[in-house]
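This report goes through selected local features of one protein chain. The structure is shown first, and the text then starts from its pocket.

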Amino acid sequence: MYELNLPAYEVKVRGTRERPEVLDFLRRRYVALTPEEWVRQHFTHWLVEHKGYPKGLMGNEIELRIGEKRLRCDSILYRQDTSPRMIIEYKAPTVKIKQQVFDQITAYNLLLHVDYLVVSNGLQHFCCRMDYANQRYDFLTDIPDYQSL
């Protein structure tokens with residue numbers, strides 16, 4: 001797979017060369033190993049193992065509905081009361097992070113109204129804190145540790 005700007009972890013892969021699967025430790029099942037999934041698994045492991053995010057408060061591939069339309073958030077961090085706190089959007093390492101990616105995650109946030117939006121392609125990571133009172137957002141220099149949220 002791809003070399004990422006994230007720490008390595010003990011990857012569990014199975015399947016065939018044509019259809020490899022990776023263990024998603026949040027969903028507790030094997031899923032198709034795509035370049036985006038490679039980023040998701042490394043990023044979520046990094047958040048849990050290095051940034052102190054509670055595994056039990058995170059979810060992958062969370063479905064949202066707007067009427068008949070279905071959207072899917074790549075990852076969500078929840079508060080203890082199960083309200084969403086952070087949306088994380090992943091792209092493959094070959095995909096450049098452009099305005100379109102921020103438009104996508106912003107659409108999810110219209111429904112969830114979270115405190116933080118995070119975007120990563122495994123090489124570049126962006127995090128912004130929402131400031132609803134002043135109708136703006138501030139980009140942070142780093143992804144905060146869980147205790148700093």
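The largest pocket has 13 lining residues, and Phe102, Thr106, Leu117, Met130 and Tyr137 are the ones nearest its centre. The model is predicted: local features need pLDDT of at least 70, side-chain atom pairs count only at pLDDT 80 or more, and totals for chains, interfaces and linings use all residues. Residues are numbered from 1 along each chain as its sequence is written, and side-chain values use heavy atoms, with hydrogens and water left out.

A pocket here is an open set of points on a 1 Å grid over the protein atoms alone, where a 1.4 Å probe fits and protein lies on both sides within 12 Å along at least five of seven lines; lining residues have an atom within 4 Å of a point. The space in the largest pocket is about 230 Å³, a volume being the space filled by probe spheres set on the points, with grid points joined across faces, edges and corners. Two or more lining residues come from each of helix H2 (99-112), strand S8 (125-131) and strand S9 (136-140). Helices (H or I, at least four residues) and strands (E, at least two) are DSSP runs, numbered from the N terminus. H2 gives the largest share of the lining, 7 residues. By type, the lining has 9 nonpolar, 3 polar and 1 charged residues. In this division Ala, Val, Leu, Ile, Met, Phe, Trp, Tyr, Cys and Pro count as nonpolar, Asp, Glu, Lys and Arg as charged, and the others, Gly among them, as polar.

Strand S6 (residues 84-90) contains Ile87. This isoleucine is buried, at 0% relative accessible area; buried means under 20%, exposed over 50%, and partly exposed in between (1.4 Å probe, protein chains only). Neighbours within four places in sequence aside, the contacts of Ile87 include Cys73, Ser75, Ile105, Tyr108 and Leu117, where contact means heavy atoms within 4.5 Å. From Ile87 to Ile62 the C-alpha distance is 10.0 Å, with their positions 25 residues apart in sequence.

Helix H1 (residues 35-51) has 17 residues and spans 23 Å from first to last C-alpha, close to the 24 Å expected at 1.5 Å a residue. The expected span is 1.5 Å times one less than the number of residues. H1 is largely enclosed by the rest of the structure, because 12 of its 17 residues are buried. Among the buried residues of H1 are Trp38, Phe43, Trp46 and Lys51. After H1 comes Gly52, with a positive phi near 80°.

Most residues other than glycine have a negative phi. Two loop residues with positive phi are tabulated below.

| Residue | Phi | Loop | Relative accessibility |
|---|---|---|---|
| Thr82 | near 70° | between strand S5 (69-78) and S6 | 59%, exposed |
| Gln135 | about 50° | between S8 and S9 | 76%, exposed |

How many disulfides does a search of the whole structure find? The search finds 0, a disulfide being a pair of cysteine sulfur atoms within 2.5 Å. The sulfur of Cys127 has its closest cysteine sulfur in Cys128, 6.4 Å away, which is too far for a bond. Both cysteines are buried: Cys127 has a relative accessible area of 2%, and Cys128 has a relative accessibility of 3%.
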